[in-house]
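Open the model in your viewer and keep the selection tool at hand. We will go from stop to stop, selecting as we go.

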Amino acid sequence: MRQLGRQAGNALTQTRTIPAPEDLHLELIGVPVGADVTLEVRFEAVSEGVLATGTATAPLAGECARCLTPVTSSVTVSFQELYLYADGRHDKQGKHDRHDRHDEEDEQDEQELYHLNGDQLDLEPAFRDAVVLALPMSPLCREDCPGLCVECGAPLADAGPDHRHDEAADPRWAALKQLADTKDNRRAGAIDLQEG
Ligand SMILES: [Zn+2]
Ligand SMILES: [Zn+2]
């Protein structure tokens with residue numbers, strides 16, 4: 001941040017590719033750890049600190065909520081965060097001390113604030129919040145994914161519109177069919193023995 005200086009209004013834009021941090025996922029989909037995340041961030045000096053305005057694009061991998069086939073896509077998010085200058089503040093090292101929660105009011109006040117750490121600012125929390133909010137709760141392989149056959153579990157997209165199990169509609173028939181299947185298997189086994 002040294003290049004930026006503290007003259008309010010100074011601005012600088014950086015583009016970089018960084019490996020995705022861990023734990024950027026919901027149950028069904030997320031950003032693979034270490035995947036390339038493209039970040040473009042504009043840093044602007046304001047009177048109390050540095051305002052970071054960023055756009056990030058990250059790849060996504062997961063599975064379809066209906067048919068469980070693998071899904072890959074990507075997500076683009078925007079975020080903005082103000083990083084306060086740390087100097088001149090009594091709580092310069094307060095970030096670590098704050099973990100003991102004796103002073104809850106103070107903790108609530110400080111929760112939302114980020115500070116510049118020397119010349120560094122940590123974009124990860126802002127980026128992480130934006131990505132997690134943007135992840136789909138129910139990712140789909142395609143918008144009209146028909147899901148799985150409730151009878152046999154076959155993906156209906158592959159099985160086609162004619163796929164059905166008429167005879168299994170009544171569970172009593174299903175039980176009979178199971179018996180019949182078992183008999184067939186025995187017979188097949190017996191034939192094998194004779195031939196062998
Ligand atoms: Zn699907
Ligand atoms: Zn089926």
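Select Val31 first. Leaving out residues up to four places away in sequence, Val31 touches Ala20, Leu24, His25, Ala58, Pro59, Leu60 and Val131. Keep in mind that this is a predicted model.

Now widen the selection to the core around Val31. The largest nonpolar core has 18 residues. Val31, Ala58, Phe127 and Val131 have the most contacts inside it. Colour β4 (49-63), β5 (70-84) and α3 (124-134): these are the elements that give two or more residues to this core. The biggest contribution comes from α3, with four residues. Apart from this core lies another one, of six residues, with Phe43, Val50, Ala52 and Leu121 among them.

**Helix α3**

Stay on α3 and look down its axis. Which of its residues are buried? Select Ala126, Phe127, Ala130 and Val131: these are the buried residues of α3. They lie on the same side of α3, because they cover an arc of only 125° around the axis. The spacing fits a general rule: an α-helix has 3.6 residues a turn, so residues three or four places apart point the same way. Turn to the other side of α3, where Glu124, Pro125 and Leu133 are exposed. Then add β4 and β5 to the view, since the buried residues of α3 pack against both.

**Strands, pair by pair**

Show β4 with β5. The two run antiparallel and are joined by 15 bridges. Pick Gly62 and look across to β5: its bridge partner is Val71. β4 and β5 form a hairpin, with six residues between them. Stop in the turn at Leu68, which has a positive phi of about 65°.

Next, add β2 to β4. Two bridges join these strands, and they run antiparallel. Label Gly30 and Ala61, which are bridge partners, with Ala61 in β4.

Move to β3. β3 and β4 pair in the antiparallel sense over nine bridges. A hairpin of two residues joins β3 to β4. Two cross-strand pairs are worth labelling here. Glu40 stands opposite Thr55 in β4, and Leu39 stands opposite Ala56 in β4. A general point helps when reading such labels: in a regular strand the side chains alternate between the two faces of the sheet.

Bring in β1. Strand β1 (residues 11-19) and strand β3 (residues 36-46) pair in the antiparallel sense over nine bridges. Select Gln14 and find its bridge partner in β3, Val41.

**Leu12**

Stay in strand β1 and select Leu12. Is Leu12 buried, exposed or partly exposed? It counts as partly exposed, because it has 14 C-beta neighbours inside 10 Å; the buried class starts at 20 and the exposed class ends at 12. Now list what Leu12 touches: Gln3, Leu4 and Phe43, not counting residues up to four places away in sequence. Put a distance label on Leu12 and Phe43. They are 31 residues apart in sequence, yet 5.2 Å apart in space, C-alpha to C-alpha. Phe43 also belongs to the six-residue core.

**The whole chain**

Zoom out and show the cartoon. The protein has five helices and six strands. Along the sequence, they follow the pattern β-β-β-β-β-α-α-β-α-α-α. Colour by burial next: buried residues make up 16% of the 196 residues. Then draw the contacts. Of those between residues at least 6 apart in sequence, 61% join residues at least 24 apart.

**Confidence**

Finish by colouring on pLDDT. The mean for the protein is 81, and 71% of its residues reach 70 or more. Where is confidence lowest, and where is it highest? Helix α1 (residues 94-97) has the lowest, at a mean of 44. Strand β2 (residues 29-30) has the highest, at 97. Last, select residues 88-108. Over this stretch the pLDDT is below 50. Beyond near neighbours in sequence, the stretch has four contacts in the model.

Notes
Residues are numbered from 1 along each chain as its sequence is written. Chains are lettered from A and ligands numbered from 1 in the order in which they are written. This is a predicted model: local features need pLDDT of at least 70, side-chain atom pairs count only at pLDDT 80 or more; totals for chains, interfaces and linings use all residues. A nonpolar core is a set of buried Ala, Val, Leu, Ile, Met, Phe, Trp, Tyr and Cys residues joined through C-beta atoms within 7 Å. Two residues are in contact if their C-beta atoms, placed from the backbone, lie within 7 Å. pLDDT is the predictor's confidence in each residue, from 0 to 100. Two strands pair if DSSP finds at least two bridges between them. The arc is that of the directions from the helix axis to the C-beta atoms.
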